[in-house]
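Please load the model in the viewer and keep the selection panel at hand. The tour proceeds from the overall fold to the ligand site.

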Amino acid sequence: MWFYSTRDKNNRVRSSQAILQGLSEEGGLFVPESFPQINLEEACRLEYPQLAALILRQYLDDYDPDFLLQAARETYGDAFQGKAGELKKVEKGLYSLELWHGPTCAFKDYALQLMPRLLVQAKKNLNRGETTQILVATSGDTGKAALAGYRDLPGIRIQVFYPESGTSEIQRLQMATQEGENLSVWAVQGNFDDAQTGVKKAFADRELEKALNAQGVRLSSANSINWGRLVPQIVYYFAAYGRLVREGEVKLGQKVDFCVPTGNFGDILAGYYAKRMGLPAGRLVCASNKNNVLTDFFATGFYDARREFYKTDSPSMDILISSNLERMLYHLLGSDEAVRLRMDQLARTGRYTIEEQDLNRLKEVFDAGFASDEEGAGQIRTCFEKDGYLCDTHTAVAFKVAREYMARQAEHNPMVVLSTASPFKFPAAVLGALGQKAPQDDFEALHLLEEVSGCKAPLSLCQLKEMPVRFDRVIRPEQIKAAALGEL
Ligand SMILES: *Cc1c(COP(=O)(O)O)cnc(C)c1O
């Protein structure tokens, strides 16, 4: 299997190289040359690790299949407490795919517990002995998940940059208290886009590259633009479908819709890939918060990032430039030149458009909507009071958009909402939504939420309070380069 750059189809690599490199040289993202077809009946029968190995094998065909099975077993076993692909019925025809039973309590663990193993193996496959330095810009959850995944791996070091005031207190502490010898964490002034733009600049900085190469170091990314992040996410769409079939909720082959709380467009893109691989997915519904660039894009074909940036109660979705949409554009337009043109425009002017007929084809697969913080809070209350189901602020956005979508359809498929974080990661906002006055301190809020909801908070979050803070430096976006060089 070859992977092509979205911006230059003459630039193609195998999967080890795509995973090691992250971005292509000219700034494009790697996309697979084709979509292998999965035998649905078989997929529905498999346990999570076996299913993961089956899907990984299709794309990572320069890896040893035994290695992939072993890696999937190690990743999706104990670390997920036997709850990989956990699916809960919320009400008739509406399900919650709980993707937060991993070590950092957010869905990003699915990719970031596995990708580090893929990266170490990619270097072996390619006979590469250099040190890999990973730079991560994070709106909160990626940072912690990446730190947990790459901690103390041989030949790897990792630096995480998060927006100074863009995360919850618990998210911040999850990163600031991270243990391990090969890592560092930095707060960056500004919002997520400032941090992401700063990290992207570092990747494009040839001077920085040279200086690091001279030390035997190469840069790589763990952001969701890396192919190694995307491919593990395809798996849980099939896993959810398999659960529905095995539990008699749907018949084999019957269509199911998915609603995905979206920021960088990685999670929902994996759903698109699952659909292309033969999953009977109906609509993929893209749910945004008040930063509703994508809602507007799916309505008009006009992507416009030049707008006010809002800090919301769902910070991991506070994003105006959804990097993975570039891959979708490539699959839609089928032309590297068309993508390059638009990405140039986006970089220069903050906007681009697609043609009406292309938009119409896009709408056959996707629907989109958004929810304000108040509407999200209303969903948390509704889910809890009506269905006895507790969800976090990101998942709540998707419940609002999913319910609205279903109400608009004369007839609709069963709907799976992807639940992307534990409600206990955002205890103050969740308590507020339940009509409780949240204590100032996030940990008091966490314990109060346990009392109010009757649900148990994940142990790893409770323990954070006792852990010493290791990283408390705040830097400007321009200093990311110096941090990468180890000069700060
Ligand atoms: C990262 C994240 C999202 C958004 O996922 P994308 O792949 O960036 O679209 C949604 N919810 C939570 C909790 C997240 O951490």
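The stops below begin with the whole chain and end at the ligand.

Select the whole protein first, bearing in mind that this is a predicted model. In a cartoon representation, the protein shows 22 helices and 16 strands. Its radius of gyration is 21 Å, close to the 23 Å that the globule rule gives for 488 residues, so the protein is as compact as a globular protein of that length. Switch to the C-alpha trace, which spans about 60 × 50 × 45 Å along its principal axes.

Next, select the ligand, which sits in the largest cavity. Then display the shell around the ligand, coloured by class: 5 residues are nonpolar, 7 are polar and 3 are charged.

Which of the 15 residues around the ligand come nearest? Select Lys108, Asp141, Gly263, Asn264 and Thr420 to see them.

Label Lys108 now: one of its polar side-chain atoms lies 2.5 Å from an oxygen atom of the ligand. Move to Asp141, where a polar side-chain atom also lies 2.5 Å from an oxygen atom of the ligand. At Asn264, show the backbone, since a polar backbone atom there is 2.7 Å from an oxygen atom of the ligand.

Finally, add a surface around the ligand: on its own the ligand has 380 Å² of accessible area, and the protein covers 98% of that area.

Technical notes. Residues numbered from 1 in each chain as written. Predicted model: local features only at pLDDT ≥ 70, side-chain atom pairs only at ≥ 80, totals over all residues. Heavy atoms only, no water. Near = heavy atom within 4 Å. Polar contact = N/O pair within 3.5 Å; in protein donor to acceptor, adjacent residues only side chain to side chain. Areas by Shrake-Rupley, 256 points an atom, 1.4 Å probe, with all protein chains shown as cover. 1 Å grid on protein atoms, 1.4 Å probe; cavity = no way out; pocket = protein on both sides within 12 Å on 5 of 7 lines; lining within 4 Å. Sits in = over half its atoms within 2 Å of the grid points. Nonpolar A, V, L, I, M, F, W, Y, C, P; charged D, E, K, R; others polar. Helix = DSSP H or I, 4+ residues; strand = E, 2+ residues; numbered from the N terminus. Rg over C-alpha atoms; globule rule 2.2 N^0.38 Å.
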